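Reader: I should like to go through this model term by term. Please set each value beside the criterion that it has to meet.

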Amino acid sequence: MKRVRTVDDVMNHSVVSVGLDATVREIVRVLRRWEVSAVPVLSAEGRVVGVVSEADVLRKVPGEATDDERALTAGRLMTAPAVTALKGATIAGAARLMGRGRLKRLPVVDEEGRPVGVVSRGDLLKVNLRSDAELAEEVRRELLRFLVPAGDATLGVQVADGEVTLTGRLPESVPAELAVRLARAVPGVVGATAAFTAVA
């Protein structure tokens, strides 16, 4: 099973966007065609500089079609600066950004601000819908990756409704609290407890 840890793992890699000069009609056409509620607005250099949503269009566009609508471009309608997630951002970090801004979708950008994907609330929710067996597998893999180099260890992982219970033996140099923190960091885990026996 592929590990799910960052926005890169769950985002949609197809980015639908508009330029700063896109007209209201062009924006609406894109929103309807791709069945999305918002799209990132790109600068001439291809960087995300804002986001224009259905709400932006409805709030700022006159009720009747007029010649003035042609002057209402994405650059004027958009919300800026755009709230974005950096490529490689954690699932939890992206969820906090979306929750804080009450956003449904979040553009994912590279170090230069260019879009590489879009993550939605639904994408983030999928992480928490994994089965207990899938969670147990990832917790075991993550812990062994950190613990095995430290010495011999036997590890038991049980998961029930997202709650992890860790048993077995740890190397003397590894505190049980570290194992619990690593388990809790796995997306989808609700909580974790441990009852380890130290290896002599």
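Reader: Which elements of the protein have the lowest and the highest mean pLDDT?

Author: This is a predicted model, in which local features need pLDDT of at least 70 and side-chain atom pairs count only at pLDDT 80 or more, while totals for chains, interfaces and linings use all residues. Residues are numbered from 1 along each chain as its sequence is written, and side-chain values use heavy atoms, with hydrogens and water left out. On pLDDT, the predictor's confidence in each residue from 0 to 100, helix H6 (residues 121-127) has the lowest mean, 81, and strand S1 (residues 18-19) the highest, 97. The protein averages 85, and 88% of the residues score at least 70. Helices (H or I, at least four residues) and strands (E, at least two) are DSSP runs numbered from the N terminus.

Reader: Why is Val109 called buried?

Author: Buried means under 20% relative accessible area, exposed over 50%, and partly exposed in between, with a 1.4 Å probe and protein chains only. Val109 has a relative accessible area of 6%, and is therefore buried. Val109 is found in strand S5. Beyond its neighbours within four places in sequence, its contacts (heavy atoms within 4.5 Å) include Val48, Leu86 and Val116.

Reader: Is Ser43 buried or exposed, and what is the value?

Author: Ser43 has 15% relative accessibility and so counts as buried. Ser43 is found in the loop between strand S2 (38-42) and strand S3 (48-53), and its contacts, apart from neighbours within four places in sequence, are Leu20 and Val49.

Reader: What makes Thr79 partly exposed?

Author: The relative accessible area of Thr79 is 43%, so Thr79 is partly exposed. Thr79 is found in the loop between helix H4 (74-77) and strand S4 (85-86).

Reader: What joins the side chains of Thr79 and Asp56?

Author: A polar contact of 3.1 Å joins them. The term requires a pair of N or O atoms within 3.5 Å; within protein, one must be able to donate a hydrogen and the other to accept it, and residues adjacent in sequence count only if both atoms are side-chain atoms. Thr79 and Asp56 are 23 residues apart along the chain, with their C-alpha atoms separated by 7.5 Å.

Reader: How do you know that S4 and S5 pair, and in which sense?

Author: Two strands pair if DSSP finds at least two bridges between them. S4 and strand S5 (residues 105-109) have 2 bridges and pair in the parallel sense. One bridge partner in S5 is Val109, opposite Leu86.

Reader: Why is one side of S4 and of S6 left without a neighbour in the sheet?

Author: The open sheet has 3 strands in the order S4-S5-S6, with mixed pairing. S4 and strand S6 (115-120) stand at the edges, each with a single partner strand, so one side of each has no neighbour in the sheet.

Reader: What joins S7 to S8?

Author: There are 7 bridges between S7 and S8, which run antiparallel. In their hairpin, with 2 residues between the strands, Asp161 takes a positive phi near 55°.

Reader: What makes up the largest nonpolar core?

Author: A nonpolar core is a set of buried Ala, Val, Leu, Ile, Met, Phe, Trp, Tyr and Cys residues joined through side-chain atoms within 4.5 Å. The largest has 20 residues, and Val139, Leu143, Val157, Val164 and Leu166 have the most contacts inside it. The largest share of this core, 5 residues, comes from H7.
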